[in-house]
Amino acid sequence: MGVDLPTPRPLGTLAELAPKPIRLVLNWGRRYSLWVFNFGLACCAIEFIAASMAKHDFIRLGVIPFAPGPRQADLMVVSGTVTDKMAPAVKRLYEQMPEPKYVISFGACSNCGGPYWDSYCVTKGVDQIIPVDVYVPGCPPRPEALLQGILKLQEKIAGENLADRYRPGADQQRRLPTGALQRPLVTPEGGDT
Ligand code: SF4
């Protein structure tokens with residue numbers, strides 16, 4: 001039997017209507033304190049780990065890899081092969097993240113299915129189930145490519161107006177319905193999506 005989870009609080013009106021100087025400060029804060037949650041699904045996850053280690057050290061960019069779970073994270077990095085069976089879990093954990101939240105799709109598998117694009121059980125891109133902010137290409141991408149993706153996301157956050165991000169039309173575009181999948185989601189026996 002499923003458990004009813006609390007819905008993350010929506011963004012307040014004041015945050016949406018913040019004047020430009022305040023937005024600048026808020027965006028600056030968001031940009032350099034990205035608590036990241038790594039949804040590692042296959043080999044690309046190892047490159048994510050390499051990017052967090054001393055040599056590449058993405059913490060110096062303001063990315064904090066210690067989020068205990070999605071409820072404490074601002075950024076989800078999906079690294080690896082998303083299968084139709086795993087897709088409901090990806091979607092569910094994304095929905096548990098508080099707003100404003102961001103997604104980096106890391107690697108060919110997560111972007112479009114990669115080498116397994118014609119497999120019967122592989123989701124052809126994580127953007128079929130959740131909105132993606134930055135795509136990092138490669139199989140696997142090098143850790144430097146993740147750093148580049150993080151910089152791109154930070155550029156995007158710096159110029160962001162949350163009022164635009166959460167206007168009714170944009171909301172529709174960002175939150176793709178489950179029906180956008182090529183095939184129905186697989187529900188684990190006795191579970192729920
Ligand atoms: S993109 Fe390549 S390296 Fe990354 S998970 Fe897929 S097969 Fe593995």
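The following exercises, each with a worked solution, concern the predicted model shown above.

Residues are numbered from 1 along each chain as its sequence is written, and side-chain values use heavy atoms, with hydrogens and water left out. In this predicted model, local features need pLDDT of at least 70 and side-chain atom pairs count only at pLDDT 80 or more, whereas totals for chains, interfaces and linings use all residues.

**Exercise 1. The ligand shell**

Task: State which residues are around the ligand and how they divide into nonpolar, polar and charged.

Solution:
- Step 1. A residue is near a molecule if one of its heavy atoms lies within 4 Å of it. The residues around the ligand are Ala42, Cys43, Cys44, Gly80, Thr81, Ala108, Cys109, Pro115, Tyr116, Gly138, Cys139 and Pro140.
- Step 2. Ala, Val, Leu, Ile, Met, Phe, Trp, Tyr, Cys and Pro count as nonpolar, Asp, Glu, Lys and Arg as charged, and the others, Gly among them, as polar. The shell therefore divides into nine nonpolar residues, three polar and no charged.

**Exercise 2. The annotated binding site**

Task: Determine where UniProt places the feature "binding site", and whether Cys43 and Cys44 are buried or exposed.

Solution:
- Step 1. The unreviewed UniProt entry places this feature at Cys43, Cys44, Cys109 and Cys139. These residues are spread over 97 residues of sequence, yet they cluster in space, with a largest C-alpha distance of 9.8 Å. UniProt annotations may be inferred rather than shown by experiment.
- Step 2. Helices (H or I, at least four residues) and strands (E, at least two) are DSSP runs, numbered from the N terminus. Cys43 is placed in the loop between E1 and helix H3 (44-52), while Cys44 belongs to helix H3.
- Step 3. Buried means under 20% relative accessible area, exposed over 50%, and partly exposed in between (1.4 Å probe, protein chains only). Cys43 counts as exposed because its relative accessibility is 56%; Cys44, at 7%, is buried.

**Exercise 3. The salt bridges**

Task: State how many salt bridges the whole structure has, and describe the pairs formed by Asp133, Glu144 and Glu155.

Solution:
- Step 1. Side chains of opposite charge can pair when their charged atoms come close. A salt bridge is a side-chain nitrogen of Lys or Arg within 4 Å of a carboxyl oxygen of Asp or Glu. The search of the whole structure finds four.
- Step 2. Asp133 pairs with Lys156 at 3.1 Å, N to O. This pair links distant parts of the chain, 23 residues apart: Asp133 is in the loop between helix H5 (108-112) and strand E5 (134-136), and Lys156 is in helix H6 (residues 143-158). Asp133 is buried at 16% relative accessible area, whereas Lys156 is partly exposed at 37%.
- Step 3. Glu144 meets Arg142 at 3.3 Å, N to O. Glu144 is partly exposed, at 37% relative accessibility, and Arg142 is exposed at 54%.
- Step 4. Glu155 and Lys152 form a salt bridge whose closest N and O atoms are 3.9 Å apart. Both residues lie in helix H6, three residues apart, which is about one turn of the helix. Lys152 is partly exposed, with a relative accessible area of 43%.

**Exercise 4. The annotated transmembrane region**

Task: State which residues the UniProt annotation "transmembrane region" covers and describe that span in the model.

Solution:
- Step 1. The annotation, from an unreviewed entry, covers residues 32-51.
- Step 2. The end C-alpha atoms of residues 32-51 lie 17 Å apart, and the span is 40% helix and 35% strand.
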